[in-house]
Amino acid sequence: MKRLRLLFFSSLFLVAGIVSCNDKNKTNNKTSDNNSETAKTVPKPTENVEEFRLIDSKTVEELNLLITSKKINSEEDIMREYSPEDKTAEGDYSYVIKQINTSDSNSVIISLLEDGINDDSIKARKVIMTLIRKDGRFVVKQIKESYKCWKERGHENWSSAFCM
């Protein structure tokens, strides 16, 4: 479990570095051609844009190995294995897991909304996990995450960008 967390946080820092480098190259360019103006649209900070960051396949593979070795067969327990509830959290902390209905009977989507996180930068985290049934057990197919930052610690809307 410690190795999975270390890998998770290492991946977070790597992606944060890549995202911050890409953000420096983005501009709000306007060009004029034959009296028509074309603008590259960048969402305003007040718009509610929801973006997700895809979790790397190695983390998903390690989670699937844990599911097999621990014989976890509950969708909620799989989410808890990936992102455990903070039992020591204080204040307005919430940890809510929901199942999202799909039309495919072999596929399950689980969401986790964790809010009031005991962190100096991340206020809330949303995790969407896609599971498939394979040989009578669940296998994680995909995990994606989105974050909200505390005031003055970055974006306050859902985004794949890391908080400061």
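## A friendly walk through a predicted model

In helix H3 (residues 75–82) of this predicted model, the buried residues are Glu75, Ile78, Met79, Glu81 and Tyr82.

Reader: Which part of helix H3 do its buried residues line?

Author: Good place to start! An α-helix has 3.6 residues a turn, so residues three or four places apart point the same way. Looking down the axis of H3, the buried residues fall within an arc of 160°, so what they line is one face of the helix.

Reader: At the start of H3, which backbone nitrogen does a side-chain oxygen of Ser74 reach?

Author: Look at the start of H3, where Ser74 offers a side-chain oxygen. That oxygen comes to within 3.3 Å of its partner, the backbone nitrogen of Glu76.

Reader: How far apart are the sulfur atoms of Cys149 and Cys163?

Author: The structure has one disulfide. The pair links distant parts of the chain, with Cys149 in strand S7 and Cys163 in the segment after S7, 14 residues apart. Two cysteine sulfur atoms count as a disulfide when they lie within 2.5 Å, and here the separation is 2.1 Å.

Reader: Is the link of Cys149 and Cys163 left-handed or right-handed?

Author: For this we look at the angle about the S-S bond, which is -95°. With that angle, the link of Cys149 and Cys163 is left-handed.

Reader: Why does Cys149 count as buried?

Author: Buried means under 20% relative accessible area. Its partner Cys163 is buried with a value of 17%. Cys149 counts as buried because its relative accessibility is 2%.

Reader: What kind of aromatic pair do Tyr147 and Phe162 form?

Author: There is one aromatic pair in the structure. The ring centres of Tyr147 and Phe162 are 5.5 Å apart, with 35° between the planes. Planes under 30 degrees apart count as stacked and over 60 as edge-to-face, so the rest are tilted. The pair of Tyr147 and Phe162 is therefore tilted.

Reader: Where in the chain is Phe162?

Author: This aromatic pair links distant parts of the chain, 15 residues apart. Tyr147 sits in strand S7 (residues 137–149), while Phe162 is in the segment after S7.

Reader: Which ring does Lys126 lie over?

Author: Lys123 lies over the face of Trp150, at 5.5 Å from the ring centre. Lys126 also has a ring beneath it, 4.5 Å away at the centre, and that ring belongs to Trp158.

Reader: Is Glu145, the salt-bridge partner of Arg53, buried or exposed?

Author: Side chains of opposite charge can pair when their charged atoms come close. Glu145 and Arg53 meet in a salt bridge at 3.6 Å, N to O, joining strand S7 to strand S3 (residues 53–54) across 92 residues. Arg53 is buried at 7% relative accessible area. At 0% relative accessibility, Glu145 is buried.

Reader: Which residues are linked with Arg53 in a network of salt bridges?

Author: The count of salt bridges comes to nine. The network that includes Arg53 also holds Glu114, Arg125 and Glu145.

Reader: Is Asp120 buried or exposed?

Author: Asp120 forms a salt bridge with Arg153, with the closest N and O atoms 3.7 Å apart. Asp120 is in the loop between strand S5 (107–115) and strand S6 (122–134), and Arg153 in the segment after S7. Arg153 is partly exposed at 29%. Exposed means over 50% relative accessible area, so at 57% Asp120 counts as exposed.

Definitions and conventions:
Residues are numbered from 1 along each chain as its sequence is written. This is a predicted model: local features need pLDDT of at least 70, side-chain atom pairs count only at pLDDT 80 or more; totals for chains, interfaces and linings use all residues. Side-chain values use heavy atoms; hydrogens and water are left out. Rings of Phe, Tyr and Trp (its six-membered ring) pair if their centres lie within 6.5 Å; planes under 30 degrees apart count as stacked, over 60 as edge-to-face and the rest as tilted. Helices (H or I, at least four residues) and strands (E, at least two) are DSSP runs, numbered from the N terminus. A charge sits over a ring if NZ of Lys or CZ of Arg is within 6 Å of the ring centre and within 35 degrees of the ring normal. Buried means under 20% relative accessible area, exposed over 50%, partly exposed in between (1.4 Å probe, protein chains only). The arc is that of the directions from the helix axis to the C-beta atoms. A polar contact is a pair of N or O atoms within 3.5 Å; within protein, one must be able to donate a hydrogen and the other to accept it, and residues adjacent in sequence count only if both atoms are side-chain atoms. A salt bridge is a side-chain nitrogen of Lys or Arg within 4 Å of a carboxyl oxygen of Asp or Glu.
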